Amino acid sequence: MRNLANALTGFRLFGAVGLLFLEPLSVSFYLLYTLCGVSDVLDGWAARRSGTASEFGSRLDSVADLVFYGVMLLRLFPRLWADMPRPVQLWIGGIVALRLGVYALAAVKFRRFASLHTWLNKATGFAVFAVPYLMGHHRFPLYRTVVCTVATLAALEELAIHLGSGDYRSGCHSLWETGKRTVE
C-alpha cells in the first residue's frame, strides 16, 4: 500500500499516453479513459489512507492531470470545437489563458510549478472528465456552460489564493480556508 498511490498516478500518466493511440470514443478508448479516471480518484484516497501523501505525490498527480488533459485536448477537443458556438470558443480560450497565467504567477512568485487541489479544481476535473460521456446528449450545451462556469471560478479562486499567499499553500482546498500548511 505504501507505493500504491504513486503507482495509480503513474498508471494514469501512462494510460493518458496510451489514449493517443486509440480511436476517440471507441470502446477501447472509453475503457482506458474510465480506468484513468478511476485511478485519479483512487490515488489520493490511497495516499491519505496509507499515510503516504507527499509533495512528490502531489506534483506527480498534477503532472499526470496535465498530461491527461493535454491528451484530451489533442484527441477530443477537435471534435468538440467544430460544434461549439464562437462565444463558447472564446470563453474556453479565456479559461486556458487565465489558467496559464495562474501557473505563470505561481512559477514566478513561488519559484516552482504550483497547481492547487482545491475543491473547485476537483469539481472542474470531474466535470471535464464527464464530457466524453455526455457529448451526444441533447442537453450537452447546458452542461458545457456549467463546465465553463466551474472552470472559470476554479481558475479565479486559485489566482486569488496565490495572490493572497506569502508562500505556496499546497494543502489549501478553497479560498476560504485559513491556517493550512505551507510548503516553501
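Me: Contact means heavy atoms within 4.5 Å. With that in hand, which residues of α2 meet which residues of α3?

Reply: Keep in mind that this is a predicted model. On the α2 side you have Phe29, Tyr33, Cys36, Asp40 and Asp43, and they meet Asp61, Asp65, Phe68 and Met72 in α3. Sorted by class, this contact has 5 nonpolar and 4 charged residues, with no polar ones.

Me: How do I read the way two helices lie against each other? What is the angle between α2 and α3?

Reply: Look at the angle between the N-to-C directions: over 145 degrees counts as roughly antiparallel, under 35 as roughly parallel. Helix α3 covers residues 55-75, and α2 packs with it at an angle of about 155 degrees, the axes being 12 Å apart. That angle is over the 145 cut-off, so α2 is roughly antiparallel to α3. The two have a left-handed crossing.

Me: Now let me try α6 and α8. At what angle do they pack, and how far apart are their axes?

Reply: Helix α6 takes in residues 119-129 and helix α8 residues 140-164; they pack at about 150 degrees, with 8 Å between the axes. Use the same cut-off as before: this pair is roughly antiparallel, because the angle is over 145 degrees. Here too, α6 passes α8 in a left-handed crossing. The α6 side of the contact is made by Leu120, Asn121, Ala123, Thr124, Phe126, Ala127 and Val128. Their partners in α8 include Tyr143, Val147, Val150 and Ala151, along with Leu153 and Ala154, plus Glu157 and Glu158. By class, the residues of this contact come to 11 nonpolar, 2 polar and 2 charged.

Me: And α5 with α8: roughly parallel or roughly antiparallel?

Reply: Roughly parallel, because their angle of about 20 degrees is under 35. The axes of α5 and α8 are 10 Å apart, and the crossing is left-handed. The α5 and α8 contact has 16 nonpolar, 5 polar and 4 charged residues.

Me: On to the backbone. Which residues other than glycine should I check for a positive phi?

Reply: Try Leu25, with phi near 70 degrees, and Arg111, with phi near 55 degrees. Then see where they sit. Leu25 is in the loop between α1 (4-19) and α2 (27-50), and Arg111 is in the loop between α5 (86-110) and α6.

Me: Are those two side by side in how they face solvent, or how would I tell: what are their relative accessible areas?

Reply: Use the cut-offs: under 20% is buried, over 50% is exposed, and in between is partly exposed. Leu25 has 28%, so it is partly exposed, whereas Arg111 is exposed because its value is 74%. For a case inside a helix, take Val41 in α2, which is exposed at 61%. Val41 is 38 residues from Asn3 in sequence, and their C-alpha atoms are 16 Å apart.

Me: What about cysteines? How many disulfides are there?

Reply: You would look for a pair of cysteine sulfur atoms within 2.5 Å. A search of the whole structure turns up 0 disulfides. As for accessibility, Cys148 is buried because its 5% is under 20%, and Cys172 is buried too, at 1%.

Notes: Residues are numbered from 1 along each chain as its sequence is written. This is a predicted model: local features need pLDDT of at least 70, side-chain atom pairs count only at pLDDT 80 or more; totals for chains, interfaces and linings use all residues. Side-chain values use heavy atoms; hydrogens and water are left out. Buried means under 20% relative accessible area, exposed over 50%, partly exposed in between (1.4 Å probe, protein chains only). Axes are lines fitted to C-alpha atoms, for helices over the stretch in contact, and angles run from 0 to 180 degrees between N-to-C directions. Helices (H or I, at least four residues) and strands (E, at least two) are DSSP runs, numbered from the N terminus. Angles under 35 degrees count as roughly parallel, over 145 as roughly antiparallel, 65 to 115 as roughly perpendicular and the rest as oblique. A crossing is left-handed if the near helix is turned anticlockwise from the far one by less than a right angle, and right-handed if clockwise. Ala, Val, Leu, Ile, Met, Phe, Trp, Tyr, Cys and Pro count as nonpolar, Asp, Glu, Lys and Arg as charged, and the others, Gly among them, as polar.
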